[in-house]
Amino acid sequence: MSRIPLTLITGYLGAGKTTLLNALLRDASAGRIAVVVNEFGDVGLDHDLIVETTEETVLLSSGCMCCTVRGDLVQALESLFEKRSAGKLAFDRIVIETTGLADPAPILHTLIVTPGLGATLRMDGVVTVCDAAHGPATLDAGFESVQQVAMADVLVLSKTDLVTPSQAERFRARLAALAPGARIVTATRGAVPLTELFGHGAPDMNGALPEAEAWVNAPAYALSSLPLPPLAKSLAPFATGPTHGLFGLAPAPGSSLLAAIAPAARHDDRISSVSMVFDDPIHPIMLDIWMETLIAARGPDILRLKAVIWADGFDTPFVIHGVQHIIDPPIRLARWSGEDRKSRVVIIGRDLPREALLDSLEVLKTRPMVNAR
Ligand SMILES: Nc1nc2c(ncn2[C@@H]2O[C@H](COP(=O)(O)OP(=O)(O)OP(=O)(O)O)[C@@H](O)[C@H]2O)c(=O)[nH]1
């Protein structure tokens, strides 16, 4: 049975998440969508704002979805599925709108690790709404919003009507640098073509290889060679206190000089991404060893891990999706398309030394000393 696609809409406070959701619910071609919303405080504000509030909308009102109500989230989803099985509800897709402060990672964990949910749901992408008017300042002010951008499969650029075209373009370029593999789409008061929004997560086992490769999007990450922005680079020698970041040049959080002069560079530089393409099959034991070591050493700092794997001894590819220390069970695709067999691995992380990560990936080119398979 196909798993129901689930889209996570995230983005900072006031970015335009509810506006996007409303536009989506008004779009008849979007299909039958069950919506899970969350809000801070006692008033179900978001709930009231959703245009078509139906039985399919579940309001979580006991706090932030990411930290305190994960049990509620699971219950909300389970109740949707129970009603669906009983024929009381019909939906083909679930959309979760997070609060502006939510870190999407724990929510993705919940979806992956909760027994039963993983079998019924398929992550169809993290959509992060980015406000062109306030977004640059928001990215400067807090790392949470930088992470929301870095984790995204799709970035929706909102409120471009409130800025000049060149401001919008500069913001878009900054987003592209933070999330090189993400699709960036402009929304006019939430209106976005559905094909831009949906279908950009990890494919299901019925999915095709090109879809999986588009999701991993290794070439985009290979191109992001992550130079330090010129301003940060020129100021780095003057930074005080412990250094930090990809080349040990970025200041540690709180370093007063750069915080005062170049705050934008500080948070953005904590995000790094690497990708590698493997022409030969990867030995499953080496893949396991590499993943376990990576997770044990740097699990909390891995925002996303995406891979299409040609595993030695298997005639079809696997898709692997990880968020922090949780790796989704590999999905085996039905076939390769054409003769071009390659593995592609992308890792997006925070405070991860890029060179060390690239070195670690080299282990995937080796074979175990004793073949235990
Ligand atoms: N000018 C303009 N305003 C917009 C656009 N999109 C959203 N807004 C406005 O921005 C404000 C915040 O939008 P919401 O959709 O409520 O934002 P949100 O991310 O759901 O907000 P929280 O749930 O509080 O985090 C509202 O007043 C919207 O009407 C846009 O494209 N242009």
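Helix 1 (residues 17-26) is a good place to start, since it supplies the largest share of the shell around the ligand, three residues. This is a predicted model, so it is worth keeping that in mind as you follow along. In total, 18 residues surround the ligand, and the closest are G16, K17, T18, T19 and G100. If you sort the residues of that shell by character, you find four nonpolar, nine polar and five charged.

From the ligand, let's move to helix 4 (residues 104-113). Its buried residues are P104, A105, I107, L108 and L111. Looking down the axis of helix 4, you would see these buried residues fall within an arc of 165°, so they line one face of the helix.

Next, have a look at strand 5 (residues 121-131). Here 10 of the 11 residues are buried, so strand 5 is largely enclosed by the rest of the structure. Which strands pair with it? One is strand 1 (residues 4-11), which runs parallel to strand 5 and is joined to it by seven bridges. To find this pairing on your screen, look for I9, which stands opposite V127 in strand 5. Another partner is strand 6 (residues 154-158), also parallel to strand 5, with five bridges between the two. In this case V129 is a handy marker, standing opposite V156 in strand 6.

Further along the chain, strand 15 (residues 343-350) invites a similar look. Seven of its eight residues are buried, so strand 15 is largely enclosed by the rest of the structure. Its pairings run in the antiparallel sense: strand 10 (residues 271-278) pairs with strand 15 over eight bridges, and strand 11 (residues 302-309) is joined to strand 15 by six bridges, again antiparallel. For the pairing with strand 10, find F278, which stands opposite S343 in strand 15. For the one with strand 11, find K306, which stands opposite V346 in strand 15.

Finally, step back to the nonpolar interior. In soluble globular proteins, nonpolar side chains tend to be buried together. In this model the largest nonpolar core has 81 residues, and those with the most contacts inside it are V149, A150, A152, L155 and V156. Strand 11 gives the most to this core, contributing six residues. The core also draws on two domains, with at least three residues from each of domain 1 (4-201) and domain 2 (215-223 + 270-365). You have already met V156 as the residue of strand 6 that stands opposite V129, and V156 is also among the core residues with the most contacts.

Note on methods: Residues are numbered from 1 along each chain as its sequence is written. This is a predicted model: local features need pLDDT of at least 70, side-chain atom pairs count only at pLDDT 80 or more; totals for chains, interfaces and linings use all residues. A residue is near a molecule or strand if its C-beta atom, placed from the backbone, lies within 6 Å of it. Helices (H or I, at least four residues) and strands (E, at least two) are DSSP runs, numbered from the N terminus. Ala, Val, Leu, Ile, Met, Phe, Trp, Tyr, Cys and Pro count as nonpolar, Asp, Glu, Lys and Arg as charged, and the others, Gly among them, as polar. A residue is buried if 20 or more other C-beta atoms lie within 10 Å of its own, exposed if 12 or fewer, and partly exposed in between; C-beta atoms are placed from the backbone. The arc is that of the directions from the helix axis to the C-beta atoms. Two strands pair if DSSP finds at least two bridges between them. A nonpolar core is a set of buried Ala, Val, Leu, Ile, Met, Phe, Trp, Tyr and Cys residues joined through C-beta atoms within 7 Å. Domain bounds come from an automatic or database domain assignment.
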